[in-house]
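Here is a walk through a model with two chains in view. Have the structure open while you read, and follow the strands as they come up.

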Number of protein chains: 2
Amino acid sequence: MSRLDSFISRLEAQRACLDHIATAIAGIAGPVLEVGLGNGRTYDHLRSLLPGRGILVFDRQIDAHPDCVPDDSHLFLGDLFDRLPDAIARLGRTAVLIHSDIGTGDPARNARIATALAPLYAQLLAPGGVVASDQEMPAAAWTEMSLPDGVPPGRYFLYRAR
Amino acid sequence: MSRLDSFISRLEAQRACLDHIATAIAGIAGPVLEVGLGNGRTYDHLRSLLPGRGILVFDRQIDAHPDCVPDDSHLFLGDLFDRLPDAIARLGRTAVLIHSDIGTGDPARNARIATALAPLYAQLLAPGGVVASDQEMPAAAWTEMSLPDGVPPGRYFLYRAR
């Protein structure tokens, strides 16, 4: 499998997971959190999948296509561990989806960050809400969801809050 | 179609075209030219598709994954319009495939560059060799090839030298 094959496969898995979750959360009211805006492609996908939902975006800085940058009232700019507590104070447990795409090339660092993020996400996720993460992120209050067809195990991780 | 959908579709089209051409050039000896290394994903795909072929890479600077950087003897670093004449002097009309992925966000600039590149590529392409370009690039000595199934018109352009 070439790096091109592997990249396409990762993007297809990401899209399949987001499409799958959009259905899973259809009956629950609340905002969506996009953690890691990057180039804004998944933000754009989420807003096309979930029209009318507020989407709150977290990133250290904005590098996205100008069409894919939310207004200031939907942005939490800066270090994630500084800004998630602000979001918890503002939103409480109301988020129906947290899409967390924060992986770097360093697996040990990714695992440490994911472990530190889980308890913060737990304070934001509404009952029945879903975390879709590029990193494994177990939490006592969450149940792992099965992946959609065609997504290989370990490619993405889906958790649902009880 | 979201930006995620559109990005996946572009990458799938790129892969389909490269796979299609690998078959089309199977019977012709000669090197492959990768114009625009970028992150090295298509370079990696080309070397997995075409083992044993020399792949010569052109880019302004190296931003690729270290695994996807060829040795110095296969690199033409610097401005393309400075380095293509060096390649013409060294290789003549021996290339079996020129993969040209040079598009920027500026369509008018892309068109100007593609028009300027075509006569240089024509001096590198062996009879029967193929140009795969992300830009339209007509040349008198080339015949446009049909795209593989599933690739929408205008997404990629394939030309074969007579």
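## Strands, helices and a shared surface

Let's start in chain B, where β5(B) and strand β7 (residues 157-161) pair in the antiparallel sense over 4 bridges. Two residue pairs let you find that ladder by eye: Ser133(B) has Phe157(B) as its bridge partner in β7(B), and Val131(B) has Tyr159(B) as its bridge partner in β7(B). Keep in mind that this is a predicted model.

Val131(B) is handy for a second reason, since this residue of β5(B) is also the bridge partner of Ile98(B). That takes us to the other pairing of β5: strand β4 (residues 95-100) of chain B is joined to strand β5 (residues 125-133) of chain B by 5 bridges, and the two run parallel. Between those strands comes a helix, α4 (residues 107-122) of chain B, and together β4(B), α4(B) and β5(B) make a right-handed β-α-β unit.

As background, strands of a sheet pair through backbone hydrogen bonds, either parallel or antiparallel. The strand pairings with a bridge count look like this:

| Strand pair | Sense | Bridges |
|---|---|---|
| β4(B) and β5(B) | parallel | 5 bridges |
| β5(B) and β7(B) | antiparallel | 4 bridges |
| β6(A) and β7(A) | antiparallel | 3 bridges |

Now zoom out to the whole sheet. In chain B it is an open sheet of 7 strands with mixed pairing, in the order β3-β2-β1-β4-β5-β7-β6. Why do β3 (75-77) and β6 (142-144) of chain B each have one side left without a neighbour in the sheet? They stand at the edges, each with a single partner strand, so there is nothing in the sheet on the other side. Ignoring direction, neighbouring strands of this sheet are turned by 15° against each other on average. Helix α1 (residues 3-24) of chain B packs on the sheet and touches β4, β5 and β7 of chain B, with its direction at about 175° to that of β5(B).

Over in chain A, the open sheet of 7 strands reads β3-β2-β1-β4-β5-β7-β6, again with mixed pairing. Its edges are β3 (75-77) and β6 (142-144) of chain A, each with a single partner strand, so one side of each has no neighbour in the sheet. From one strand to the next, the twist averages 15°. For the edge strand β6(A), the partner to look at is strand β7 (residues 157-161) of chain A, which pairs with it in the antiparallel sense over 3 bridges. In that ladder, Glu144(A) has Tyr159(A) as its bridge partner in β7(A). Helix α1(A) lies across β4 (95-100), β5 (125-133) and β7 of chain A and runs at about 175° to β5(A).

So how do the two chains relate? A turn of 180° and a shift of 0.0 Å along the axis lay chain A on chain B with an RMSD of 0.0 Å, and that is the relation of a two-fold axis. Within chain A, Ile8(A) has the C-alpha nearest the axis, 3.3 Å from it. Both copies use the same surface, as 100% of the contact residues of chain A recur in chain B.

The contact itself takes 16 residues from chain A and 16 residues from chain B. On chain A's side, the elements that give two or more residues are α1 (3-24) and α2 (41-49). Which of them gives the most? That is α1(A), with 8 residues. Sorted by class, chain A's side has 5 nonpolar, 5 polar and 6 charged residues.

A last word on confidence: chain A averages a pLDDT of 94, with 100% of the residues scoring at least 70. The model scores ipTM 0.92 and pTM 0.88.

Methods. Residues numbered from 1 in each chain as written. Chains lettered and ligands numbered in written order. Predicted model: local features only at pLDDT ≥ 70, side-chain atom pairs only at ≥ 80, totals over all residues. Contact = placed C-beta atoms within 7 Å. Nonpolar A, V, L, I, M, F, W, Y, C, P; charged D, E, K, R; others polar. pLDDT = per-residue confidence, 0-100. Least-squares fit on C-alpha atoms with pLDDT ≥ 70 in both. Pairing = 2+ DSSP bridges. Right-handed = clockwise from strand over helix to strand, strands pointing away. Axes fitted to C-alpha atoms, helices over the stretch in contact; angles between N-to-C directions.
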